Amino acid sequence: MADLTDGRGAVKRRIGTRLWLAGGWLTLLLLAAVFAPLVAPQDPLAQDLFLTRLPPFWEKGAEAGYWLGTDSLGRDVLSRIIYGARLALVVALVAGSITCIIGSALGLMAGFLRGWVDLVISRLIDIWMAFPPVLFSILLIAVIGPGLHSIILAIVIIDWTRFARVIRAEAMAQGAMDYVASAQVAGRGRIGTMLREILPNVLPTIVVLLTLEMGIAVIVEAILSFVNLSISTDDPTWGGMIAEGRASVYQAWWVLVFPLITLFLTVLAFSQLGEGLKDRFDPVLR
Amino acid sequence: MFWQKLIARIGTTAVTLIGVAVIVFVVIRVVPGNPVAMMLPPGATEADVARLTALYGLDKSIPAQFLIWVQGVLHGDFGTSITTRQPVLDLVLGRLPATLELSIMALVMAVAIGGTAALTGTRLRGTRAEGAIDVANGMALSVPDFLWGLALILLFGVLMPVFHISGRVTPSLELPFTTGFYLFESLFRLRFDLWADIVSHMLMPALALAIPLAAIIGQLLKQSLKETMHLDYVTLSRTKGYGENHVITREALPNAILPTLTLVGVQFTFLIGGTVIVERLFSYEGLGNMAIDAVINRDLPLIQGIVILFAVIFTAVNLVVDLLYTVLNPRLRHG
């Protein structure tokens, strides 16, 4: 038995570190975004044609104050990453939450109420699954025009199925359990049962999906600004920086590398947070 | 039973495709800006614009336009591209082989990498190596193809320039091909020089697409192998004196593979969807790259054709996987 508890302790420790690292990075990012004017060493929009393509601080030819170098217009890479975090996090939080609420509500209704509600929602999910999501989002932005609201709207329109599919299946499984029948015998209505009995039981899954969705939202925003369809081209976005870095990768690798690392860490942090929470919610491990 | 299921499945597939067509049709007709006006030279008169609008049928109501379009599609006519003025069907079919080759290469790589990871992990279970495989799997799983593509561009295009990171084939090469399937045709014609060039162009985008799927395959297959390894018949084959490698690959694997197969079907459609941005990233001349250009140029008939084609591919893959599953799983066949 000692063996088993030790194993469990190790798993718990690993989950703990993972949650801390992920949470730490996201907190850092959030603070940087909120206090961007205070932490950013330079104006993210300031161009200086005498300081174009400066390398990062450890390379020869670097200038003090431009820690991660400058791009082809002489704009400071670090400051642009910090300001870009604002858009990325706003999109993650707002688009993630709205998608979560709409998708979960539809999934819950389809899975528990069944009947024609389920039929309609399931058909819609089938149709949505037949669209290539990236192309769909680019198309939507082209139609409704670029801007923050459009990005959020596009993410909600495309990604609600991620929640609806999973929550529908979960709600269906929960609906077949005895406690649901006894709640109904005790006189709870259908909607009451759905909100009071089913919802609390699928909530852990919803939270996990939400953190994953936030990571996805960051990527979608980056992809849209990569194809130059996100917000106005002046404002710094990670995807926009990556697009520029991709174009000048042979002349100035740092313009691509640093936003890319930031994006990597952020996406990884969101998914690790989700995975960590999933294990935390797992009664076997607790 | 099987035929009933097949007919029902084809029915829902048709509903899905009609749904996709209607949504795309409505969405792209709300596009602001007159695409016709953009095609004409600056000196064009109002009458020119009106004439061309009528030519593309854009002056009719949306339902009327839809009916005309459906009629055309049933006759194999998907309209004419506004930017290139060529038939949409020709353009789309011209690019389809490039995307199919890329997707299939990525699928093969994903199965190879993911399968190897799962089998190695099972063979080495309980060791540090298994932990390392799990961690690598987790990382690969949570980072999408777009970011892997960029990372590969940096690693193998800039840092160690060993592979091509742009295009489908070196432009200066003479191509003797009659089909669009360069990868297969170069092999068929025994032109290994061309084949090597094409593979060197495809390897990076295919790997970017393959990594997330490989992680999913690795994780799921390892999980079901783990469950199968505890079954009695596996223990029996071990007591018969078979070695561990034989037990894993010959006894456990055939039974553990079925759940992975269904999942690979759905995930393969996600992979094909990912080609849109990955092709853009690597300037690979496939459908996805053309789709993004079409959106930027507001080429309505072309966008429509590409999205429908993607939807057809997705639903076809799902249909095939469903049927394959029924055929391979004896319990469902007679159910």
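Mentor: Start with a definition. Helices here are DSSP runs (H or I) of at least four residues, and strands are E runs of at least two. The model is predicted. Now take residues 96-325 of chain B: that span is 80% helix and 0% strand. Its end C-alpha atoms lie 27 Å apart.

Trainee: Which feature does UniProt place at residues 96-325 of chain B?

Mentor: The UniProt record gives "domain: ABC transmembrane type-1" there, from an unreviewed entry. Such annotations may be inferred rather than shown by experiment.

Trainee: On to chain A. How many helices and strands does chain A have?

Mentor: Chain A has 10 helices and zero strands. Along the sequence, the pattern reads α-α-α-α-α-α-α-α-α-α. Its C-alpha atoms fill a box of roughly 75 × 60 × 30 Å along the principal axes.

Trainee: What share of the contacts in chain A with a separation of 6 or more comes from residues 24 or more positions apart?

Mentor: The share is 70%. For a single case, take Tyr66(A), in the loop between helix H2 (36-39) and helix H3 (77-113) of chain A. Its C-alpha atom is 7.5 Å from that of Pro41(A), and the two residues are 25 apart along the chain. Beyond its neighbours within four places in sequence, Tyr66(A) touches Gln42(A), Leu51(A), Leu54(A) and Asp76(A).

Trainee: Does Tyr66(A) count as buried or exposed?

Mentor: Count C-beta neighbours. The cut-off for buried is 20 or more within 10 Å. Tyr66(A) has 22 inside 10 Å, so it counts as buried. Across chain A, buried residues make up 46% of the 286 residues.

Trainee: Next, helix H5 of chain A. What span should its 12 residues have?

Mentor: Use 1.5 Å times one less than the number of residues. For H5(A) that gives 16 Å, and the end C-alpha atoms are 16 Å apart, so the two agree. After H5(A) comes Gly145(A), with a positive phi near 85°.

Trainee: How many residues of H5(A) are buried?

Mentor: Of its 12 residues, 10 are buried, so H5(A) is largely enclosed by the rest of the structure. Among them are Pro133(A), Phe136(A), Ser137(A) and Ala142(A).

Trainee: Which helices do the buried residues of H5(A) pack against?

Mentor: Both chains take part. Chain A supplies helix H6 (148-175) and helix H8 (190-226), while chain B supplies H1, H11, H12 and H13.

Trainee: At what angle do H5 of chain A and H11 of chain B pack?

Mentor: H5 (residues 133-144) and H11 (residues 244-281) pack at about 55°, with axes 7 Å apart. That makes H5(A) oblique to H11(B). The meeting residues are Pro133(A), Val134(A) and Leu135(A) on one side, and Gly273(B), Val276(B) and Ile277(B) on the other. By class, this contact has five nonpolar residues, one polar and no charged.

Trainee: How many residues of each chain are in contact where chain B meets chain A?

Mentor: Interface size is often quoted as accessible area lost when the parts come together. Here we have residue counts: 34 residues of chain B contact 29 of chain A. Helices H1 (2-28), H7 (145-159), H11, H12 (287-296) and H13 (300-328) of chain B each supply at least two residues to that side. H1(B) gives the largest share, eight residues.

Trainee: What classes make up the side of chain B that touches chain A?

Mentor: That side has 26 nonpolar, seven polar and one charged residues.

Terms used. Residues are numbered from 1 along each chain as its sequence is written. Chains are lettered from A and ligands numbered from 1 in the order in which they are written. This is a predicted model: local features need pLDDT of at least 70, side-chain atom pairs count only at pLDDT 80 or more; totals for chains, interfaces and linings use all residues. Axes are lines fitted to C-alpha atoms, for helices over the stretch in contact, and angles run from 0 to 180 degrees between N-to-C directions. Angles under 35 degrees count as roughly parallel, over 145 as roughly antiparallel, 65 to 115 as roughly perpendicular and the rest as oblique. Two residues are in contact if their C-beta atoms, placed from the backbone, lie within 7 Å. Ala, Val, Leu, Ile, Met, Phe, Trp, Tyr, Cys and Pro count as nonpolar, Asp, Glu, Lys and Arg as charged, and the others, Gly among them, as polar.
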